Amino acid sequence: MNGGEERPRVGVTGEDSEALARFLREVRQGVEAGVDPVTAAGDAAGSLPSVVRNAIETILRRLRGEYSEDEWGFDEDFAEAVFPLFRFLYEVWWRVDVTGVRNVPAHGRGLLVANHAGSLFPFDASMMTMAVMREHPLPRWPRFMVLDWAFVLPFLSSFMRRVGGVPASPHNATALLERDELVMVFPEGVKGTGKPFSERYRLQRFGRGGFVEVALRTRSPIVPVAVVGSEEIYPKLADSPALARAIGAPFLPITPTFPLLGPLGLVPLPSKWRIEFCEEIDISEHPPEAADDRGLVFDISEQVRETIQAKIYENLVARGGAFI
Amino acid sequence: MTGGRRVAITGISGHWGGELASLLARDERVEYVVGIDTRPPPGDLGDVDFIEADLRSAVISRLLPPTEIDTLVHCGILWYPEPGKPTRSLHDFNVIGTLQLLAACERTPTIDRVVMRGSAAIYGCEGAAPLFFTEELAGNMPLRTRFQRDVSELEGYFENFSRRHPQISSCMLRFQPEVGADLDAPMVRYLSLPAVPTQLGYDPRLQLLDADDATSALEAAVWSDIRGPVNIAPSGAVSLSRILRMGGRPSIPIPHPLFGPAVERFGAGFGAGPLVNDAVRLLRFGRGVDNARMRREMGFEPKRDAVEAVRELMRRLDGRRVGPPLHPGALLGRLAGSGR
């Protein structure tokens, strides 16, 4: 991976806008002197402030295909470009409070295991990413496991891949951890996102404990994560199995605003969020072969599940009201 | 053995059979090379014997044993049509041809090495597929195109054959699509269009193998003793959007049901021709394979990784560009005064 390239930041100050005006003036003078617009702009480019020149160079670099996409399809430039939108959700919309971010390993492999909620479009992975990127002393881009179905859809599939999502499968998780990446998994899967609002914050079954097998095989530390607030963004009141089957979706939720308000119903409710990264569960005493020990896998899976459930209750109490 | 190896190569009139034959004909470890195909090779391959035979018929079982070969390389598994092998007969060439050839091998007691030039299409093309398939993951994904099913079927025959004949060291090479400026293949012609149709909303991850590396890998497999399936692919993967940007080619996004016909119609104007069904699917979902077995067990390291293979292809294709560079990058480059 060739990430971590220095990228220029763009911001327009008073000085810059003067330079911009000078640039436009020079272009106009050039055109009036009988030069074609493109050449005139090229000649005038020298008067542009360096930030603008840098920005143009960044765009050019991308248009030439010289950017930091890795072989998994994660595109750091793209992730940074959509960062402001998620920062808005993180800071203003959901006012996320984060504790224990130092429990996330600063380097080397690590498996973040969290509860999963947000029926229509789960934002927990993106908010956990924001927490690691903004609060951790050594920020790093985590990769996350996404429901397979998302990778069949146009636009969503390439978007998910570019921001670090991969189809949820033990093969992908294992390969990423072997590359010493930070991987987020949501063992509840669709059972977590698809549960009705009345069952909010009650953890569902943790699959078959596949994430524990992967962690044991790759000798990765497990960090349980409790996310509070994600359940209220799209409260699922009912379900439309017929419609879901028609589009091939695992489920199609009906929320107070969706599909009643149409596209407006896609705006998530501004609940108050808390994310707690718990202390890592050390499984290094077990050899990789222990992954075949069903009993041990279930024990560790249950331990992780109980840790997350307990922390969810703690954070629910600490949060108080869901929206204010 | 007193002399060197005695090698038979099927599909010798195609690109890969021909390349391998001319390499082996010059190799002093090789005593005798014979090519088998339905028509004579188009160019001069050097000191190479030729047998005109159609693999789809049982005649190969009578022609192969008298050659007393010890190595067989099957380059007759075709992804796209070639002269004399139209699209509608590809299934017969691929499946029946392989079946007849394996039967002929059973009747040729001198054989001790079989190399099959297969395809990574056996892994299918799915959005939710593992991002890097390892060899044992074949059969985990549904097979949706004719070619995928053909490859899966003939790999079944091959597996049977290698189980029944443990004394023969046999391997199945699963190639990712090859590209090269000198390679006359639908994928190369597609990528050399002045503006390239893509499928709206999809951006497949591709592993395009440099044609020189593909030939070297085939040769390396002949000399190695590796058995069973081996993925042949460059390291890394590149998305189609990045490939097109590296080539300075604008994309024309088209809703995916119309993509195939659009390429055919648009490509015809530039002599590019249609893509096979399997390539259309590949250009929607992409596919990545893990090449660790090739690098560690077969001991072959490709010269170019996925990014360099594309860069080299685009650099060479640029010389034959049709029309002016249309890409916004080229235009903006002039604007900023740092154009190229």
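Student: Which residues is B:R205 in contact with, leaving aside its neighbours within four places in sequence?

Tutor: In this predicted model, the partners of B:R205 come from chains A and B: A:E71, A:W72, A:G73, A:R161, B:L131, B:F132, B:A237, B:V238, B:S239, B:G286, B:R287 and B:G288. The side chain of B:R205 also reaches the backbone oxygen of B:L131, at 3.1 Å.

Student: Is B:R205 buried or exposed?

Tutor: Buried means a relative accessible area under 20%. B:R205 has a value of 6%, and is therefore buried. The residue lies in strand β9 of chain B, residues 205-206.

Student: How should one read a nonpolar core, and which residues touch the most other members in the largest one?

Tutor: In soluble globular proteins, nonpolar side chains tend to be buried together. Here the largest nonpolar core has 98 residues, and B:I9, B:V73, B:L173, B:Y190, B:L191, B:I232 and B:M298 touch the most other members. Beyond four places in sequence, B:Y190 touches B:V196, B:P197, B:T198, B:L240, B:F259, B:V263, B:L275 and B:L283. A second, separate core of 40 residues includes A:V82, A:V146, A:F151 and A:I275.

Student: How are helices α3 and α4 of chain B oriented to each other?

Tutor: Angles under 35 degrees count as roughly parallel. The axes of α3(B), residues 90-106, and α4(B), residues 146-164, cross at roughly 5 degrees and come within 9 Å. The two helices α3(B) and α4(B) are therefore roughly parallel.

Student: Which kinds of residues form the contact of α3(B) with α4(B)?

Tutor: The contact of α3(B) with α4(B) comprises 9 nonpolar, 3 polar and 5 charged residues. Among them are B:V95, B:L99 and B:L102 in α3(B), and B:F147, B:L154 and B:F158 in α4(B).

Note on methods
Residues are numbered from 1 along each chain as its sequence is written. Chains are lettered from A and ligands numbered from 1 in the order in which they are written. This is a predicted model: local features need pLDDT of at least 70, side-chain atom pairs count only at pLDDT 80 or more; totals for chains, interfaces and linings use all residues. Side-chain values use heavy atoms; hydrogens and water are left out. A nonpolar core is a set of buried Ala, Val, Leu, Ile, Met, Phe, Trp, Tyr and Cys residues joined through side-chain atoms within 4.5 Å. Buried means under 20% relative accessible area, exposed over 50%, partly exposed in between (1.4 Å probe, protein chains only). Contact means heavy atoms within 4.5 Å. Axes are lines fitted to C-alpha atoms, for helices over the stretch in contact, and angles run from 0 to 180 degrees between N-to-C directions. Helices (H or I, at least four residues) and strands (E, at least two) are DSSP runs, numbered from the N terminus. Angles under 35 degrees count as roughly parallel, over 145 as roughly antiparallel, 65 to 115 as roughly perpendicular and the rest as oblique. Ala, Val, Leu, Ile, Met, Phe, Trp, Tyr, Cys and Pro count as nonpolar, Asp, Glu, Lys and Arg as charged, and the others, Gly among them, as polar. A polar contact is a pair of N or O atoms within 3.5 Å; within protein, one must be able to donate a hydrogen and the other to accept it, and residues adjacent in sequence count only if both atoms are side-chain atoms.
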